[in-house]
Amino acid sequence: MAEIRPQARIALIDALEIGQGTSGRNAGFLIDVPHNVDGGQPDAEYERQLFALNNLAIGQLRSLKERYRIDCGWHDAGKYMSAHEEGNLARLECFADALKAAGFEYEVVEGQALSRRLGTSYYKAAVYTPGNVLVKPGGPGSRSGRCATGIRHAVHGEPGSGLRLRASPYPEVPGRHLAR
Ligand SMILES: Cc1cc2nc3c(=O)[nH]c(=O)nc-3n(C[C@H](O)[C@H](O)[C@H](O)COP(=O)(O)OP(=O)(O)OC[C@H]3O[C@@H](n4cnc5c(N)ncnc54)[C@H](O)[C@@H]3O)c2cc1C
C-alpha cells in the first residue's frame with residue numbers, strides 16, 4: 001500500500017504488537033522450491049507455478065530490502081532437506097524425484113561430505129537446493145522497515161475490546177496506539 005500510495009497515512013491494526021505474531025517469530029526461510037515430502041504423486045506443472053510465485057515474492061523482498069536498506073540478516077544460504085532416520089531416506093528420494101521431474105536445480109549430499117558441510121554427522125543424507133533465502137523473521141516487517149516504506153501509524157488493540165488511544169511507544173513511529 002505504501003508503494004502504491006506514497007502519500008497515504010496507513011494504519012496497521014493488529015491484536016498483537018507488530019512482529020510479535022507468527023510472521024515475526026517463524027523460522028525465517030524464504031523458500032523457493034516447494035518442500036513437501038509426503039511421497040504423494042508430484043505435479044511438476046503445479047510445482048513450477050509455485051516456484052515462480054515464491055521467486056516473485058523473494059525478488060520483491062530483495063528489492064525492498066536493498067532500496068530501504070532493511071537490516072534483516074539476508075543470507076542467500078540455500079536449504080538442506082536432511083534425513084537421519086532410515087525411514088526418512090526414502091522420503092528424501094521422493095523429494096529429489098519431484099525436484100528432478102519439475103526441472104529444479106538440486107544436489108544430493110551424503111555421509112562425510114554432508115558432515116563437513118553441516119558440521120554434524122547426525123544426518124545421513126540431504127537434498128540441497130540453492131535458491132532459498134534466510135532472514136531474521138522480524139526484519140522485513142521491522143520498525144525500520146515500516147518507517148522506511150512510509151508507514152507512519154502503528155496501532156494495535158485486542159479484538160472486540162473497547163479501544164482507546166494512547167501514545168506510540170516507538171519514538172520513530174509518530175502515530176498513536178489503540179489499547180483497551
Ligand atoms: C514455528 C513456525 C515456523 C514457521 N516458519 C516459516 C518459515 O520459515 N518460512 C515461511 O515462509 N513460513 C513459516 N511459517 C509460516 C508463516 O509464519 C505463516 O504462514 C505466516 O505468518 C502467515 O502470515 P499471515 O499474515 O497470513 O498470518 P499471521 O502471521 O498469523 O498474522 C495474522 C495476524 O492477525 C492478527 N489477528 C488475528 N485476529 C485478529 C483480530 N480479530 N483483530 C486484530 N488482529 C487479529 C494476529 O494477531 C496476527 O498478527 C512458520 C510458522 C510457524 C508456526
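Biologist: In which helix does Asn54 lie?
Modeller: This is a predicted model. Helix H2 covers residues 44–67. Asn54 lies in helix H2.

Biologist: Is Asn54 buried, partly exposed or exposed?
Modeller: A residue is buried with 20 or more other C-beta atoms within 10 Å, and exposed with 12 or fewer. Asn54 has 17 C-beta neighbours inside 10 Å, so Asn54 counts as partly exposed.

Biologist: Leaving aside neighbours within four places in sequence, which residues are in contact with Asn54?
Modeller: One of them is 22 residues away along the chain, and its C-alpha atom is separated from that of Asn54 by 5.1 Å. With the neighbours within four places left out, the contacts of Asn54 are Ile31 and Asp32.

Biologist: How far does helix H2 reach from its first C-alpha to its last?
Modeller: H2 has 24 residues, and 34 Å is expected at 1.5 Å a residue. The span in the model is close to that, at 34 Å.

Biologist: Which residue just after H2 takes a positive phi?
Modeller: The residue lies in the loop between H2 and E3. Its phi is about 50 degrees although it is not a glycine. The residue is Arg69.

Biologist: Is Arg69 buried or exposed?
Modeller: The cut-off for an exposed residue is 12 or fewer other C-beta atoms within 10 Å. Arg69 has 9 of them, so Arg69 is exposed.

Biologist: What is the order of the strands in the open sheet of three?
Modeller: The pairing in this sheet is antiparallel. Strands E3 (79–83) and E4 (107–110) each have a single partner strand, so they stand at the edges. The order is E3-E5-E4.

Biologist: By how many degrees are neighbouring strands of this sheet turned against each other on average?
Modeller: One neighbouring pair is E4 and E5, which are joined in the antiparallel sense over four bridges. Within that pairing, Val108 stands opposite Val127 in E5. With direction ignored, the average turn between neighbouring strands is 25 degrees.

Biologist: Which helix lies across E3, E4 and E5 at about 95 degrees to E4?
Modeller: Helix H3 (residues 86–102) lies across these strands, but it runs at about 25 degrees to E5. The helix at about 95 degrees to E4 covers residues 111–118 and is H4.

Biologist: Which helix gives the most to the largest nonpolar core?
Modeller: This core has 12 residues, among them Val33, Met81, Leu92, Phe95 and Val127. E3 and H3 each supply at least two residues of the core. The most, five residues, comes from H3.

Biologist: How many residues are in the second, separate core?
Modeller: Its residues include Ile70, Cys72, Val133 and Val135. The full number is five.

Biologist: How many strands are there in the protein chain?
Modeller: From the N terminus on, the elements run β-α-β-α-β-α-β-α-β-β-α-β-β-β. The helices number five, and the strands number nine.

Biologist: What share of contacts with a separation of 6 or more comes from residues 24 or more positions apart?
Modeller: The chain has 180 residues, of which 16% count as buried. Among its contacts with a separation of 6 or more, the share from residues 24 or more positions apart is 64%.

Terms used: Residues are numbered from 1 along each chain as its sequence is written. This is a predicted model: local features need pLDDT of at least 70, side-chain atom pairs count only at pLDDT 80 or more; totals for chains, interfaces and linings use all residues. Two strands pair if DSSP finds at least two bridges between them. Axes are lines fitted to C-alpha atoms, for helices over the stretch in contact, and angles run from 0 to 180 degrees between N-to-C directions. Two residues are in contact if their C-beta atoms, placed from the backbone, lie within 7 Å. The expected span of a helix is 1.5 Å times one less than its number of residues. A nonpolar core is a set of buried Ala, Val, Leu, Ile, Met, Phe, Trp, Tyr and Cys residues joined through C-beta atoms within 7 Å.
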